[in-house]
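Colleague: I would like a close look at one part of this model, the charged side chains and what lies around them. Please take it step by step.

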Amino acid sequence: MLIKEYRVCMPLTVDEYRIGQLYMISKHSCEQSGGGEGVEVVKNEPSVHPQYGAGQLTEKRIYLSSKLPSWAKAFVPWFFYVTETAWNFYPYTITEYSVSFLPKFSVRIETRFENNKGNNNNVFGDTPSPAPSVSFLDILSDPIPEKHYKEVEDLSRWQSRRTGRGPLQEGWRDTQEPIMCSYKRVQCSFEVYGFQSRTEEFIHKNIRDILLVGHRQAVAWMDEWHGLTMEEVREYERTMTEKTNSKVKSSQSSTGPPPAPRPAFSRSISVTDERSLHKMGLKTVSMSDLPTPTTAAPQSPMRLNSTPE
């Protein structure tokens with residue numbers, strides 16, 4: 001298991017971000033959906049957690065197989081999704097990811113939001129995070145994947161008309177008021193011999209990119225959500241959920257026949273290899289379980305683009 005803590009500061013207050021977070025996640029999910037790829041919202045409703053009390057429960061399906069690296073496709077079927085389950089007890093949230101056919105895979109993200117510069121070393125109240133496992137992410141200067149860069153979301157050029165905040169400059173965290181920090185403790189586990197280290201590192205790299213892009217967008221889109229009430233942002237969330245789900249489902253149903261079927265593993269395996277894989281928690285797929293060339297099936301979708309709450 002690989003555990004890291006990420007700290008992301010923003011020129012906001014925790015109360016402001018309660019609205020900004022909901023707006024950003026809804027808009028971001030819709031932007032990243034289409035062409036058979038995307039985030040489908042299955043459930044979004046009030047819920048009571050046995051330990052943390054009343055909150056909001058969401059369940060999403062994240063379609064991402066087309067964006068997996070080649071080595072990961074060796075044990076992944078053509079069409080699958082990651083299930084995201086999130087409990088929002090703002091300013092504390094829990095987000096978990098699972099894949100039904102990979103019982104050895106799990107990701108758990110605990111988040112706490114505080115009005116400070118990221119200097120609370122025991123924010124989760126159990127044990128201080130070891131310094132080597134803590135990474136500060138700078139929404140101004142840390143690099144993001146080129147395909148996600150937009151000039152209007154460049155915080156060195158951004159300025160909010162509603163609040164007068166921005167643009168951000170080097171060293172902004174030392175002088176910015178207001179300022180808050182999003183603390184995220186990420187536990188990633190993929191206990192499969194030969195794949196564990198690089199899979200866990202691959203997942204952390206994706207989560208780091210998503211956190212940078214999502215928090216940049218929450219700030220850059222400030223004038224779109226600042227001043228909204230909770231009722232207004234929940235209505236926006238419902239509207240965007242319908243739009244996003246429609247994009248995902250329509251694009252999947254309209255895709256043409258899939259490529260010629262292949263085995264679940266890109267190389268042949270012996271009976272001994274297959275038994276070993278079962279012991280490690282991997283479920284192999286027989287040729288009879290795969291779609292034939294004449295069977296219409298959804299095209300494989302995408303990288304983990306949902307923004308953890």
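Are E5 and R7 buried or exposed? Please start there, then go on to helix α5 and the residues it meets.

Modeller: Keep in mind that this is a predicted model. E5 and R7 are both buried. The two form a salt bridge, and their closest N and O atoms are 2.6 Å apart. By the rule used here, the count of salt bridges comes to 17.

Now to helix α5, which covers residues 230-253. One salt bridge joins K249 to E40, with 3.8 Å between the closest N and O atoms. This pair links distant parts of the chain, since K249 sits in helix α5 while E40 belongs to strand β2 (residues 38-49), 209 residues apart. The two partners can be compared by how much of each is accessible. K249 has a relative accessible area of 47%, so it is partly exposed. The cut-off for buried is under 20%. E40 has a relative accessible area of 10%, so E40 is buried.

A further residue of helix α5 is N245. Its relative accessibility is 12%, so N245 counts as buried. Leaving aside residues up to four places away in sequence, N245 touches V39, E40 and V41. E40 is thus a contact of N245 as well as the salt-bridge partner of K249. With V41 there is also a polar approach: a polar atom of the N245 side chain lies 2.8 Å from the backbone nitrogen of V41.

Helix α5 also holds a salt bridge within itself. The side chains of R234 and E237 meet at 2.7 Å, N to O. Why is their spacing along the helix worth noting? R234 and E237 are 3 residues apart in helix α5, so about one helical turn separates them. R234 is buried because its relative accessible area is 18%, and E237 counts as buried because its relative accessibility is 10%.

Salt bridges can also be joined into a group. D142, K205, R208 and D209 are linked in a network of them.

For the nonpolar side of the picture, the largest nonpolar core has 62 residues. Helix α3 (residues 196-220) gives the largest share of this core, 8 residues. Among the core residues with the most contacts inside it are L12, Y17 and V219. L12 touches both Y17 and V219, and its other contacts include N115, R165 and W225, again not counting residues up to four places away in sequence.

Methods: Residues numbered from 1 in each chain as written. Predicted model: local features only at pLDDT ≥ 70, side-chain atom pairs only at ≥ 80, totals over all residues. Heavy atoms only, no water. Salt bridge = Lys/Arg side-chain N within 4 Å of Asp/Glu carboxyl O. Buried < 20%, exposed > 50% of the residue type's maximum accessible area, 1.4 Å probe, protein only. Helix = DSSP H or I, 4+ residues; strand = E, 2+ residues; numbered from the N terminus. Core = buried A, V, L, I, M, F, W, Y, C linked by side-chain atoms within 4.5 Å. Contact = heavy atoms within 4.5 Å. Polar contact = N/O pair within 3.5 Å; in protein donor to acceptor, adjacent residues only side chain to side chain.
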